Structures are given as structure tokens and as C-alpha cells.
Amino acid sequence: MPEPLLEFTDLRIEATSYPPGEAPKNLVLVDGVSVGVEKGKVLGLIGESGAGKSTIGLAAMAFGRGGVRLTGGVISLNGRDIRVSDPAALRALRGREVTYVSQSAAASFNPAKRLMDQVIETSVSHGLLTKAEAEARAVDLFRQLGLPNPDSFGQRYPHQVSGGQLQRAMTAMALCPKPDLVIFDEPTTALDVTTQIEVLAAIKKAIVETGVAALYITHDLAVVAQVADHILVLRGGKKVEYGTTQQIINDPREGYTKALVSVRSIEHAEKVQAAPVLSVANVTARYRGTQFDVLKNVTVDLAPGQTLAVVGESGSGKSTLARVITGLLPPTQGRITFAGRTLSAALEGRSKDDLRELQMIYQMADTAMNPRQTVGTIIGRPIEFYFGLKGEAKRKRVQDLLDQIEMGKGYIDRYPAELSGGQKQRVCIARALAAQPKLIICDEVTSALDPLVADGILKLLLNLQAEAKVAYLFITHDIATVRAIADRIAVMFKGQVVRYGQKSDVLTPPFDDYTDLLLSSVPELRVGWLEEVIAGRKMDSAGN
Amino acid sequence: MRLPFSAILGIFLTSSFLFLAVFAQLLAPYPIDSAVGGVWEAPSATHWLGTDTIGRDIFSRLIYGGQITIFVALASSILAFSTGAFFGFMAAVKGGWVDQIMSRFVDLVMAIPSLIVALVILSVLPLNLTVLILVIGLLDSTRVFRLSRAVAMDIAVMDYVEAAKLRGEKQTWVIFREILPNALSPLVAEFGLRFIFAVLFISTLSFLGLGIQPPLADWGGMVKENKDGLIYGKSAALMPALAIAALAISVNLVADWVLSRTTSLKGGRGA
């Protein structure tokens, strides 16, 4: 077995937290993790938020974010223990032997400097290359990464290029000093689905062609399956399972890994068409003070007790459609019929029943709940407001709803800050249900959650639909979610519905170009999928 | 939970001032306006802080003066906060032309130095405590309006405020139940600051002769009465000046502590 380039032995990382009004607490972020990366190989680090992925990633250059201490074990890079290196040695090593690509390239580039100056900065400051050599290398890397006009690309400023291009420029920055190891920290997570895989393909190509070793950090198993040779599954700072990519995906041994692998396997039979509860007819809308239609002639129907999934990438008008239906943005043209009544365009003109029967659940459960109200108040308010229940009767109803969302006793007097991410979203669902609505608009309700938690929320929503016969208008960019819960699908692109119908029809070829792009952009849990899909594409992504 | 030393000091001093103010009639050793000693006597066992320009006991007058100064400052700060915060929140929630009109009006008032506005108004209106409180309170409310509007703007875009609007909640629910609890901590800290500005403002007005009128005592007026003594090396004018400074510092220590504490409460704003 060849000598590993980087090896963690029994790595232990700690931090101190300062809860208000209590004594400081010591937290163990990473505990007893041992793993190695060989020259030219890619190790994928996977796990949910708080698993310690990024912390381990940064430890590969002996760095701990604010207050994080590398307290134990050995971090061996090129044969020496860098955990105990002095600052001067670390300065020499960072940006030379190890480089880093962060999640948000937009936040990492200096907006006041040209891309070229930033891409070559470390190579020049470390004295590895002269300015001219570095610029030539950067242009080569731009070409390798498939950036447009590689010769002049570096002359642009960060705001003049798209998010996907910026992420590739950052990869070029990391590769420019010819490092031994690059740390990729969720490099595609913040990008649109359709852009994500092109950046992923570019990164993979660059890794293969330069022969650099890499740590690839992500929460998406399907993404890491495309680039990694080995995968380390982490949970709560501890190692769950380590193996080759093939083994982890096709033959996971630990229960947690099995759950991760099978996470998108909800089966949902499509319901038959029926008379609609919600009809959106020829709706066109624009925001005040703009000259641009965000929605163009949108027509969709939704039957009672069924789910309409609205799919598209950011900027396609999905959320604007929700704002129009709820009355927050009156449309310039078109009509919305709900439960047999024509809805007033503006919120002010709607009756209490209109408001009650049309509820909404948000993407960020954190900001959707008043942090100064208890769960009991949050769920109780619609009950009091719409049905006039008070005191014990209200409390009983709140408790029933908490049972319905599988949270049980003991939560009614808690504040949102005392709940986990999944529990917060459940409380938001309960608040919507409390109004006994006919329709709930779900705006990306699972996209901020970890895969297993998101899975739980989707199952809950399906169960509640079966019980309460409520219809969902489900806004998402994630095709896997759509497959799991939709009866009907509307694919949106630049404010228009480009494909619409029953789920089985929409997801059956022949596709239009955009639907094809969107469908082919969802990473599949299969090694070699990335190459196939890039080869078979009909159109380029809009954000590219 | 352990209190930092500055907070203990601030709470102790502030409550002493309040205690002296509330029980002034019982605690003051001499009446407010009778000459009980010589002119500008130095501090002694009989007159702890000496006597003033016409031989009245400074310590007693300081206690009575504190009562009036603190009462007027407190009343005008409360007035400033209730009006300023209400309209500030309303401007943030309503937006549009309502916000524009209110904000531009406030800009207009703030563009003229408050002292000048106050001097003009007070020289026209009859001089009594009610008028004084109204003038100071309303002038100060423009500052509170600015702050609460800014704070509420941040909160008004939160999804839970949108959720309340979609539920069909009235404006008052949105302001008092959704926004106010989340805006409280910066407002409380600002209250401490504004209270002190009110104390200084009253003292300034009294010093200029347009504030609290004799024979009532107040700290600014006492500085004015005794300022000539400074030339002769008499400490009389320093005593009320020190009292103003001590009150300002102690209230601010408390406000600092409240701010640092509430922002880190459960679900509090900020870190």
C-alpha cells in the first residue's frame, strides 16, 4: 500500500460554548476519527449538519475556525505531524501543499479585485511561480475547467461572472499553486441544480487531469459518489463507516449509512384527476416598480387532497406564484379560483374563510416562527383566531395537533430555539393544520433540512394528506422530492410553465429541452452517472 | 447567574438615586427653600455638601431636585418611547406613503437642533411641568422613532410577520405581539440612553432659565444658581453637576447590562 499523503490518527477536536447564564461548556466536535488520503485520490466526507465534516476538512491544514481547538491525535501531512507545527510552518504549508475551496465563492472573492489577481495571489506570494508563469497557469486552468474565453476571463470582476463560473474560478485558485491536496467544502451546494453538475463535472475533470488529491465534503451522497474514490460517513463527530465508494453505495454495512443510501425511496401512487379546488388561470405578475413579468400567463389546477409540485430553478417564478396565490402580490392579469370562489387579487379583499382555508409553510422554519412565542402560542393562535377557542379547549386542540405531527407531550411550552430543525418544521406544519385548511402551500419546506429529516417531513406530509384530505401546492427545485409526493407537476422556467400534467406524463419521455436538463441534473446514486449525463445533454444550464 | 461588577455598581447607584427621589420628603435633613446657614459654606458635619448662594442646604436641595429631575426625565422618556416606538413600528409595517410622510416629518424636526426648538416653544407656552414633559418627550420621540423603525424593518420582513398577515391579523396584533417582543432589547438599552439625554436636556433648559422654575429645585437650576461661586473657589456648583454625571453613568451601566443580557436570552436578537 502506498504511503498516504494525509493521515488523521485518532483525531480529536474540541470547542468551548458559552450558553448564556451558565458555565462555559466543553464540546467535543470530532472524536477519535482516523482516516487517510493517498496521493491523487479523492476522499468524500459525508454526514448531516453538525457531523464535523467541515471541521475535519479544515483540520487537514491544521486550522480550527474561531475557538475550535485541535486537541488530540496526529494530523500527518507528507510524513510530518502538522497538528503541532508552529505558525510559520503552517503559513508556509497553507496555500502551497493544501488549498481550500469554500461553499460560497461569491462571499469568498474580494469584489474590488479582478479574478486573475486573486487566482494567482497565493502562488505568487509563496514564491512558487512568477506573476507571468502563474497567469499562464491560471489561463490553462480556466480552459481545463471549461470557463468561457479563458484568455480574458481573469480580467473580469467577481460580479461579472455567474455563480457557477465563480465556483470554478475558485477551484482554479486552489489548483494554481500545484498543491498536493485540495479541500472542497460543499463546492456545489449553493448552486442551482442544473449548474451544480456542470461545476461538479469540471471539478472532477480538473482533479483527474492535475492528479491532485482531494477531500470532498458534502451532505449529498449522490454527489460524492460521482467524485470520490473512498467515502467516510460521519455522524456527531464520530466515524460511522469507511469504505470504497462502490462498497458504501452498493453494500453499506451500518444502519445509518443504509438509511442515507435509501433516503429517497418514498413510493407514492399518483391519484386520479378530479375537479380542482384551486385554479390559477392565465396569471401574469410583476413586482411593483419593475418592467419585467416574473410570471407569464401561468395556468395550473389542483384537485382536493392532491399534490401539485411546482418545479424549477431559482428565479423561475415558483415562489412568486405562491405570493400571487396567497394575495401578497396581486397579479396584473388572470384569475384565481379557490373552493368555488374567485379570490380577491389583494390580501385585504379576502374573507376570513379564504385566509383560513389557504395556509402556507415556509422554507426556513427558523424565521417562520416568532422566537418570543412558545409552541403553544404559535399553534394556538390560528385556533383562537379562526375558531374562537380559548383556555383549556385551545390547549387540548394544540396537544392533539402536536400528537398528529408526532411530537407528543412536553413541547407545548418550549420556545422555537429549543427545537431541532425538523421539529421546527413540524410545528410550522401543525400551525398550518390548525386552521383546518383545504390547501397548504409548501415553499421548499425540506430544502433546508438534512436528508433523513427531510424524508421524515415528507412522510408526515403524505400521512396528513391522507388523514385531513388537504391539498398541497409543493414548491421545490428537487426532482427526487417531486417523485416522492406529487400527483401533478408544473415545470417552470423563466416565469412560464413549460411542462404541466399528471406526474406519470410529465416524467415520461419525450421531454422538452428544459425538463430534460432539470431531470438529468439530479445526481443519481450510481458511480459513473455524471459522465453519462454530461455526454447526453441537450441544452446548457441558464446559470452557467 | 453572576452579575458583573459594573452592573452591580450601576444597579446600586441607580436604585439609591430612585430611593432618595421617592422618599425625598422623609430623607432630606432640611426644607427645600429655607436659608439654614451662611452663604457658600464648605461641606461640614451639619451641611454635608455645604450651603448655596443664599445659605440653603445643598444636600437637601439635591434630594428634592433629584425628585423633580428624575420625575420629569422619566415621564418624558416614557412619553417619547410610547409615541416614538408606536409610530416607528407603524411606519415599518405600513411602509409606502405612510412611512414616507412620517419619516420626512421626523427628518424635518430632527434637522432643527432640539434645544432651539425647545427654547422657542417654551418661551411661548406657559412654563409648568406638564408643558416641559410634553416638549422634551415629543422632541425625543423623533430619535426613538428612527431607532424603532429601523429595528422593526428588520423584523417586519421575517416570515412569521408575513404568516401573521396571511392569517388576517390586525395591525395592532402584528405590532404588539409579533414585532414588539423582538424589538424590546435594543429599545430597553436605548431607554437608558434617552433617559440620560432627558436629564441633561432638562438641566440645560433650567440652566438657561426656561426649565423648572424657582423655588422648586432641580439640578441644572442649582448649577446655574451657584456657578458664580466657582470663581471664588466654592464647591457648591460642583455638587449638582456631580449628581448629574453620577446618575448618567449609573443608568448607562444598567442599560449596558440589560442589553448584554437580553440579547443572549432564548431566541433573542443578536449574539
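**Exercise 1.** In this predicted model, determine how the span of helix α9 of chain A compares with the span expected at 1.5 Å a residue.

*Solution.* Helix α9(A) covers residues 193-210, which gives 18 residues. The expected span is 1.5 Å times one less than the number of residues, and for this helix the expectation is 26 Å. From the first C-alpha to the last, α9(A) reaches 26 Å, close to that expectation.

**Exercise 2.** Establish how many residues of α9(A) are buried, and describe the backbone just after the helix.

*Solution.* A residue counts as buried if 20 or more other C-beta atoms lie within 10 Å of its own. Of the 18 residues of α9(A), 13 are buried, so the helix is largely enclosed by the rest of the structure. Just after the helix comes Gly211(A), with a positive phi of about 70°.

**Exercise 3.** Locate the residues Ala339(A) and Gln436(A), and state their phi values and exposure.

*Solution.* Most residues other than glycine have a negative phi. Ala339(A), although not a glycine, has a positive phi of about 50°; its place is the loop between β14 (333-338) and β15 (341-342) of chain A. Gln436(A), also not a glycine, has a positive phi of about 50° and lies in the loop between α18 (421-434) and β17 (439-443) of chain A. For exposure, Ala339(A) has 15 other C-beta atoms within 10 Å and is therefore partly exposed. Gln436(A) likewise has 15 within 10 Å and is partly exposed.

**Exercise 4.** Identify the geometry of the peptide bond between Pro509(A) and Pro510(A).

*Solution.* Most peptide bonds are trans. The bond joining Pro509(A) and Pro510(A) is cis, with omega about 0°. Pro510(A) is found in the loop between α21 (503-506) and α22 (513-520) of chain A.

Methods:
Residues are numbered from 1 along each chain as its sequence is written. Chains are lettered from A and ligands numbered from 1 in the order in which they are written. This is a predicted model: local features need pLDDT of at least 70, side-chain atom pairs count only at pLDDT 80 or more; totals for chains, interfaces and linings use all residues. Helices (H or I, at least four residues) and strands (E, at least two) are DSSP runs, numbered from the N terminus. A residue is buried if 20 or more other C-beta atoms lie within 10 Å of its own, exposed if 12 or fewer, and partly exposed in between; C-beta atoms are placed from the backbone.
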